[in-house]
Amino acid sequence: MLELNRERWAQLSHAFGEAGDIPDMLRELAKMPPSDTFESEPYFSLWNALCHQGDVYTASYAAVPHIVDILSRNPQEAPIDFFLLPVSIEITRLHGHGPDLSAELEEGYHKAIAMLPGLAAKAKPKDEVGVRVLAAVMAVVHGEAAMAEAIMELSPEVIEDFMEEI
């Protein structure tokens, strides 16, 4: 895991430029109690910077181990968005909508992604969206980006329409 060292982070990028601001957002995120809304700060700003309009960035890969580390401290109470952001980053990476994963970040990133199923097993989703996100964890960890995306689209309405077709 890349330490939260401002000099190195400033050499990485996110949707809005240099990623020197990401370590402070990650530190803030680690101090916050779980929130039920993805719109709370600094989570909302992290999402916008790291997974923006279908693209990911070098800072996205560096941030995932930190987000998963925060998630691992209390997966039972963590907002489902703490799973969704790493899943979305990995889906986007697998689709090739970001830079290559550098050797420097590769080990920490892959270790963090590999931890997600164990954390998902401890999570307590509050609704069907949470269940879908946790199911998408399993798909994306096995490199199945399209399956993970399909799972995320399986809203009750889509399932109902599908069931009527068979």
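Tutor: Contact means heavy atoms within 4.5 Å. The model is predicted, so local features need pLDDT of at least 70 and side-chain atom pairs 80 or more, while totals for chains, interfaces and linings use all residues. Residues are numbered from 1 along each chain as its sequence is written, and side-chain values use heavy atoms, without hydrogens and water.

Student: Which residues of α2 are buried?

Tutor: Helices (DSSP H or I, at least four residues) and strands (E, at least two) are numbered from the N terminus. Buried means under 20% relative accessible area, exposed over 50%, partly exposed in between (1.4 Å probe, protein chains only). In α2, which spans 22-31, the buried residues are Ile 22, Pro 23, Met 25, Leu 26 and Leu 29.

Student: Why do the buried residues of α2 line one face of the helix?

Tutor: Look down the axis of α2 and take the directions from that axis to the C-beta atoms. The buried residues line one face because those directions fall within an arc of 160°.

Student: What covers the buried residues of α2?

Tutor: The cover includes one strand, β1 (13-14). Helices also take part, among them α1 (6-9), α3, α4 and α5.

Student: Which element gives the largest share of the largest nonpolar core?

Tutor: Such a core is a set of buried Ala, Val, Leu, Ile, Met, Phe, Trp, Tyr and Cys residues joined through side-chain atoms within 4.5 Å. The largest one has 50 residues, and Trp 9, Ile 22, Leu 50, Phe 83, Ile 89 and Leu 116 have the most contacts inside it. Two or more residues come from each of α2, α3, α4, α5, α6, α7 and α8. The largest share, nine residues, is from α4.

Student: Which residues does Ile 89 touch, not counting those up to four places away in sequence?

Tutor: Ile 89 is one of the residues with the most contacts inside the largest core. Beyond four places in sequence, Ile 89 touches Ser 60, Tyr 61, Val 64, Tyr 109, Leu 50, Cys 51 and Val 56.

Student: Is Pro 42 buried or exposed?

Tutor: Pro 42 lies in the loop between α2 and α3, and the peptide bond to it from Glu 41 is cis, with omega near 5°. Outside four places in sequence, Pro 42 is in contact with Met 25, Glu 28, Leu 29 and Met 32. Its relative accessibility is 8%, so Pro 42 counts as buried.

Student: Is Gln 53 buried or exposed?

Tutor: Gln 53 sits in the loop between β3 (51-52) and β4 (55-56). Its phi is near 50°, a positive value in a residue other than glycine. With a relative accessible area of 71%, Gln 53 is exposed.
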